[in-house]
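I set out to record how this chain is put together. The entries below follow the order in which I looked things up.

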Amino acid sequence: MESKMEKGLKRELKTKQLTMIAMGCAIGTGLFLGSGLAISTAGPGVLISYAIGAFIVLLLMGCLAEMTVAHPTSGSFGLIAEKYIHPMAGYLVRYSYWVANVLAVGVEVSAIAVYMKYWFPTVPGIVWILFFGAVLIYVNATSVHTFATFEYWFSMIKISAIIGFILLGAYVLFGSSGPSNIGPENFTNDGGFLPFGFKGVWIAIFISLFSFLGTELIAVTAGEAKDPDVAVPKALKATVFRLSTFYVLTLAIMLMIVPWKQAGIDKSPFVKVMEILNIPGASGIMNFIILTAALSAMNSQLYASTRMVFSLSQAKFAPAVFGKVNGKGVPLFALAVSAVGIIVAAVVSAVFPGTSYAFMMGISMFGAIFTWLMVFISHLFFRNMWEKSGGRKLPVRMIGFPYLTLLGAVLLVCLMITTWFTPFKILLQFGIPWLVFLTVVYFFFHKKRVDAASQQDIVVKD
């Protein structure tokens, strides 16, 4: 079923491209740089944090797969929230997801500035932010096929690198006579497996969720996917299981090689691994690979935020100009406004050069977690209304409904509340005023139009 809101977009994306786009968005600085922050927060217990994070995302993907097959549109969970809960819910979800991706673009480009210091330590980070920002805006401005091709190869490079890292680490740990201070004993050195107790593990779950941000992008790309009934669920399942495996294995190997107290965000833990192993030239190669990873994630997030603005315009929650596409099917005006995250990152990098990455991560995650929470809530409404309406049999169904759907929602609510007592309380400091602002705008500018449209729809049906 293709929505009339997809007018102008081209259905060109295949299953393998959908999978690579989602993995490309997810495998970015959350793993390559953010993992250092997570390790320093939870110690070796970070493995539990990522396992719990993967479980939450698995529940999320189950709900998304079921709903996206029924409604394969670029509006995705925003359109579903609008249709099954209330127009205001769809409005809040779309704008919150948009700001999450816009700011996540800023997170990735802030990390790029950190990576480039490996080769050019004296060049200000703002230079790299503006340069790489311009390059990826150009890539997104061409066509969805060009974007997908770039993203496919970006993702292939970093996925191959992760597999190579796992194989190299396994060889050094178990197949050779490596340095004497590496091995499983590093899991319990320096304070044991849980040096900060469960509190550290819980805080690190928040950071792990940033690493998984982007898996839901498959649902957004559904509006431009070939055979979405088949492609979307296959891509969702493949993405979650591959990401979970990659994250847990790479973190386990990293922790056995790099003592957890040496983790941080001054440089990627992957580069630190190569420095400890003292492989000639390897640290520079790894830095190039994680630079590619950040570019890939930034590329995907720019795509996601552009399509969400396009969807908002089609639903008349944003100016009509953002719903216009060029001859190649690209909404250029939506792309332009979505590039604001690059400007925000440039300003933050200039004002707070040492803490810009953690700050950008904190404010970007509110929109993501709020969107995920609304996906779970939307699924509860969707399933009940779908079954009551006697709709076609769903080819994909979330197991354990409604209990697992509720569990996912409860876990996210608890995480959001507890961030107030952590270094990431910026999430609520930004998020609550953001929702209040959106609500005020909705009631002043959109409510009358939505009510009028609903009333007109009732009259037509009568």
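**Notebook: fold, core and one helix pair**

I looked up contacts (heavy atoms within 4.5 Å) in the protein chain: of those between residues at least 6 apart in sequence, 82% join residues at least 24 apart. The model is predicted, so local features need pLDDT of at least 70, side-chain atom pairs count only at pLDDT 80 or more, and totals for chains, interfaces and linings use all residues. Residues are numbered from 1 along each chain as its sequence is written, and side-chain values use heavy atoms, with hydrogens and water left out.

I then listed the secondary structure and found 18 helices and zero strands in the protein chain; these are DSSP runs, H or I of at least four residues for helices and E of at least two for strands, numbered from the N terminus.

Of the 462 residues in the protein chain, 60% are buried (under 20% relative accessible area, 1.4 Å probe, protein chains only).

I next examined the largest nonpolar core (buried Ala, Val, Leu, Ile, Met, Phe, Trp, Tyr and Cys joined through side-chain atoms within 4.5 Å). It holds 150 residues, of which Ile27, Tyr95, Ile112, Leu209, Met365 and Leu412 touch the most other members. Helix H6 (residues 87–116) supplies the largest share of this core, 21 residues.

I followed Ile27 further: leaving aside residues up to four places away in sequence, Ile27 touches Phe32, Lys158, Ile159, Ile162, Leu243, Phe246, Tyr247 and Ala293.

Technical notes
Buried means under 20% relative accessible area, exposed over 50%, partly exposed in between (1.4 Å probe, protein chains only).
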